[in-house]
Amino acid sequence: MRRVPLHLAAALTVVLCLFPVYWMMSTAFKPSPDIQTYDPRLIPEHWTLEHFRTAVGADSFGLFWRNSVLVTLSAVLLSLLVALGAAYAVARMRWRGRRQFMLAVFIAQMAPWESLIIPVYIISRDTNMLDRLPTLTLVYFMITLPFTVVVLRGFIAGIPPELEEAAQVDGCTRAGAFRKVALPLLAPGLMATSLFGFITAWNEFTYANFLIIKQQDSRTLPVWLSSFQSTFGTDWGATMAASTLFALPALIVFLALQRHVTAGLAAGGVKG
């Protein structure tokens, strides 16, 4: 009986978090007359795929999908590559300024992304980098890098250095010992940080809207969602169908990696 309030609180939290998602998906399947009715239904009485056909048939849907995938995967891979080297240097090596470096990383992690919009825009404008996908890739890389460094540093610090030293005694170089011994043990941490980076870059709207202004072909899916609004109103059915399609990749990635995410975040946060 003591656990009943905890279970009720957990159930209420789940309902509050999932209800907007359910409403989005159910609205995507409702016929247009049933969406803006005065008598909304939790379970649609009639189902239709019309809104999904409208979303998929929208102009440049495939192009925007490709842009989002390209920018997101590039930012995540670049962040993992750079953060892995930085985290290893902080966790395994002793050099002057190591603590100050980690302090700077924590400060960068705590800084709100919105506060950097104006300087990033000015730098992009002055370097002729507006309306380009590589600019978005670098911005998302900048956003996800501090978190990735912090988590991977905790993982590497939690791996006994004696394992790598034993491999070096057997003839491996330092880099070879890390690649053959430590890197396989970092799989949960790599998956956790990859998921965070993927969701962050995939869902980001503000920078994509401010940095891609004139070149419409360089826009990503979050900006594409606003294309269903016009002077005549909002096509809510198509918007919800497009939002459902937009959320599917992040959901699939999470379901594929969710076994490693909790352990990865917990271990990376307390070790070292």
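A crossing of two helices is right-handed if the near helix is turned clockwise from the far one by less than a right angle, and left-handed if anticlockwise. Keep that in mind, as the tour visits both kinds.

**Stop 1: the whole chain**

Start with everything shown. This is a predicted model, and its protein chain holds 13 helices and two strands. Along the principal axes, the C-alpha atoms fill a box of roughly 70 × 65 × 30 Å. Colour by accessibility if you like: 39% of the 272 residues count as buried. If you draw a contact map, look away from the diagonal. Among contacts with a separation of 6 or more, 73% join residues 24 or more positions apart.

**Stop 2: helix 8 against helix 9**

Two packed helices are described by the angle between their axes and the distance between the axes. Select residues 161-169, which form helix 8, together with residues 174-185, which form helix 9. Their axes come within 9 Å and cross at roughly 140 degrees. Helix 8 is therefore oblique to helix 9, since an angle has to be over 145 degrees to count as roughly antiparallel. The crossing of this pair is right-handed.

Now show side chains. On the helix 8 side, pick Leu-163, Glu-164, Ala-167 and Gln-168. They meet Arg-174, Ala-177, Phe-178, Val-181, Ala-182 and Leu-185 of helix 9. By class, the residues of this contact divide into seven nonpolar, one polar and two charged.

**Stop 3: helix 9 on its own**

Keep helix 9 and try your distance tool on its end C-alpha atoms. They are 16 Å apart, which agrees with the 16 Å that 12 residues should span at 1.5 Å a residue. Which residues of helix 9 are buried? Highlight Gly-176, Ala-177, Phe-178 and Ala-182. What covers them includes helix 4 (61-92), helix 7 (133-158) and helix 8, so bring those helices back into view because two of them appear again below. **Stop 4: helix 4 against helix 5**

Next, select helix 4 and add residues 98-110, which make up helix 5. These helices pack at an angle of about 135 degrees, with their axes 10 Å apart. That angle makes helix 4 oblique to helix 5. The handedness of this crossing is left-handed.

For the side chains, show Ala-86, Ala-89 and Val-90 of helix 4, then Arg-98, Phe-101 and Met-102 of helix 5, which they meet. The contact counts five nonpolar residues, no polar ones and one charged.

**Stop 5: Thr-137 in helix 7**

Move to helix 7 and centre on Thr-137, which is found there. Its relative accessibility is 13%, so Thr-137 counts as buried. Leaving aside neighbours within four places in sequence, Thr-137 is in contact with Val-71, Ser-74 and Ala-75.

**Stop 6: the loop before helix 7**

Select the loop between helix 6 (117-126) and helix 7, and zoom in on Asn-128. Most residues other than glycine have a negative phi, and most peptide bonds are trans. Asn-128 has a positive phi of about 60 degrees although it is not a glycine.

Asp-131 is found in the loop between helix 6 and helix 7 as well. The phi of Asp-131 is near 65 degrees, again a positive value in a residue other than glycine.

Are these two loop residues buried or exposed? Asn-128 has 54% relative accessibility and so counts as exposed. Asp-131, at 18%, counts as buried, because buried means under 20%.

**Stop 7: helix 10**

Now pick residues 187-203, the 17 residues of helix 10. From the first C-alpha to the last, helix 10 reaches 24 Å, close to the 24 Å expected at 1.5 Å a residue. Colour its buried residues next: Gly-189, Leu-190, Ala-192, Thr-193, Ser-194, Leu-195, Gly-197, Phe-198, Thr-200, Ala-201 and Trp-202. Leave Trp-202 on screen for the last stop.

**Stop 8: Pro-222 and its surroundings**

Finish at Pro-222, which lies in helix 12 (residues 221-224). Pro-222 counts as buried because its relative accessibility is 8%. What does Pro-222 touch, not counting residues up to four places away in sequence? Show Ser-68, Trp-202, Asn-203, Glu-204, Phe-205 and Phe-246. Trp-202 is the residue you have just coloured among the buried ones of helix 10.

For a last distance, pick the C-alpha atoms of Pro-222 and Ile-252: these residues are 30 apart in sequence and 18 Å apart in space.

Technical notes. Residues are numbered from 1 along each chain as its sequence is written. This is a predicted model: local features need pLDDT of at least 70, side-chain atom pairs count only at pLDDT 80 or more; totals for chains, interfaces and linings use all residues. Side-chain values use heavy atoms; hydrogens and water are left out. Helices (H or I, at least four residues) and strands (E, at least two) are DSSP runs, numbered from the N terminus. The expected span of a helix is 1.5 Å times one less than its number of residues. Buried means under 20% relative accessible area, exposed over 50%, partly exposed in between (1.4 Å probe, protein chains only). Contact means heavy atoms within 4.5 Å. Axes are lines fitted to C-alpha atoms, for helices over the stretch in contact, and angles run from 0 to 180 degrees between N-to-C directions. Angles under 35 degrees count as roughly parallel, over 145 as roughly antiparallel, 65 to 115 as roughly perpendicular and the rest as oblique. Ala, Val, Leu, Ile, Met, Phe, Trp, Tyr, Cys and Pro count as nonpolar, Asp, Glu, Lys and Arg as charged, and the others, Gly among them, as polar.
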